[in-house]
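Trainee: Before I use words like "buried" or "paired" for this one, can we go through what backs them up?
Mentor: Sure, pull it up and ask away.

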Amino acid sequence: MTPPNHGDAHIRVLISEERIQARVAELAREIREQIGDGPITCIGVLKGSFIFMADLVRALGGPVRCEFLGVSSYHGGTRSTGVVRITEDLRHPIEGHHCLLVEDIVDTGLTLDYLKHFLGARKPASLQTVALLDKPGHREVEVIADFAGFTIPDEFVVGYGLDLGELYRNLPFIAVYSP
Ligand code: IMP
């Protein structure tokens, strides 16, 4: 069966909804095994991680706090500017909390590297990172997420929270975008 592309000739399904859901459940188990049954403060990076975050926190179960950080690094195009800007800070202190930074994708690594330092300075009890997607072909800083869902080729992807010019976030799958 041809996977749905929502009638858009620019997109091609790379990771189906079913594969994403199965991997999110596995990631949640791996994370709970590592962090234990206690409270986890999940910190979603807006906007790209909002759908992954929603699925992951439900799969994690147990006590979970949800925080969000607004970050802007792409400014609407398909190339990173390399400049990470905090547009919305955490609402509550994270000092002494076991924290999990929830990212949509690690591409150049600049955002993850910056946020690890930014959050580390707030003295969490521990700080781990999870990224749904890892695009290792494009790294500018040597950084890896503690947990990663899928390794993908060096192509621009949309869907499941990831956008191109604010569109496509609502696709339930991950698709490669070709202009
Ligand atoms: P970085 O280059 O690792 O700093 O990635 C920063 C952010 O760029 C990610 O959190 C995404 O929001 C966005 N990004 C990177 N690659 C893609 C992509 O292929 N599609 C959509 N957004 C992307």
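Trainee: This is a predicted model, so let's start small: which strand does Ala175 lie in?
Mentor: Ala175 belongs to strand β9, residues 174-177.

Trainee: What makes Ala175 buried?
Mentor: Buried means under 20% relative accessible area. Ala175 comes out at 0%, so it counts as buried.

Trainee: And which residues is Ala175 in contact with, neighbours within four places in sequence aside?
Mentor: The cut-off for a contact is heavy atoms within 4.5 Å. On that basis Ala175 touches Ile11, Arg12, Val13 and Leu14, plus Phe156, Val157 and Val158. Take Val157: it sits 18 residues away from Ala175 in sequence, yet the two C-alpha atoms are 5.4 Å apart in space.

Trainee: Over to strand β5, residues 98-106: why is it called largely enclosed?
Mentor: Eight of its nine residues are buried, so the rest of the structure largely encloses β5.

Trainee: How do you know that β5 pairs with strand β2 and with strand β6?
Mentor: Pairing takes at least two bridges between the strands. β2 (residues 40-46) and β5 have four, in the parallel sense, and β5 and β6 (residues 126-134) have eight, also parallel. Both pairs therefore meet the cut-off.

Trainee: Which residues could I click on to see that?
Mentor: Towards β2, Cys99 of β5 is the bridge partner of Thr41. Towards β6, Val106 stands opposite Asp134. From β5 the chain crosses through helix α3 (residues 110-120) to β6, a right-handed β-α-β crossover.

Note on methods. Residues are numbered from 1 along each chain as its sequence is written. This is a predicted model: local features need pLDDT of at least 70, side-chain atom pairs count only at pLDDT 80 or more; totals for chains, interfaces and linings use all residues. Side-chain values use heavy atoms; hydrogens and water are left out. Buried means under 20% relative accessible area, exposed over 50%, partly exposed in between (1.4 Å probe, protein chains only). Helices (H or I, at least four residues) and strands (E, at least two) are DSSP runs, numbered from the N terminus. A crossover is right-handed if, with the strands pointing away from the viewer, the path from the first strand over the helix to the second runs clockwise.
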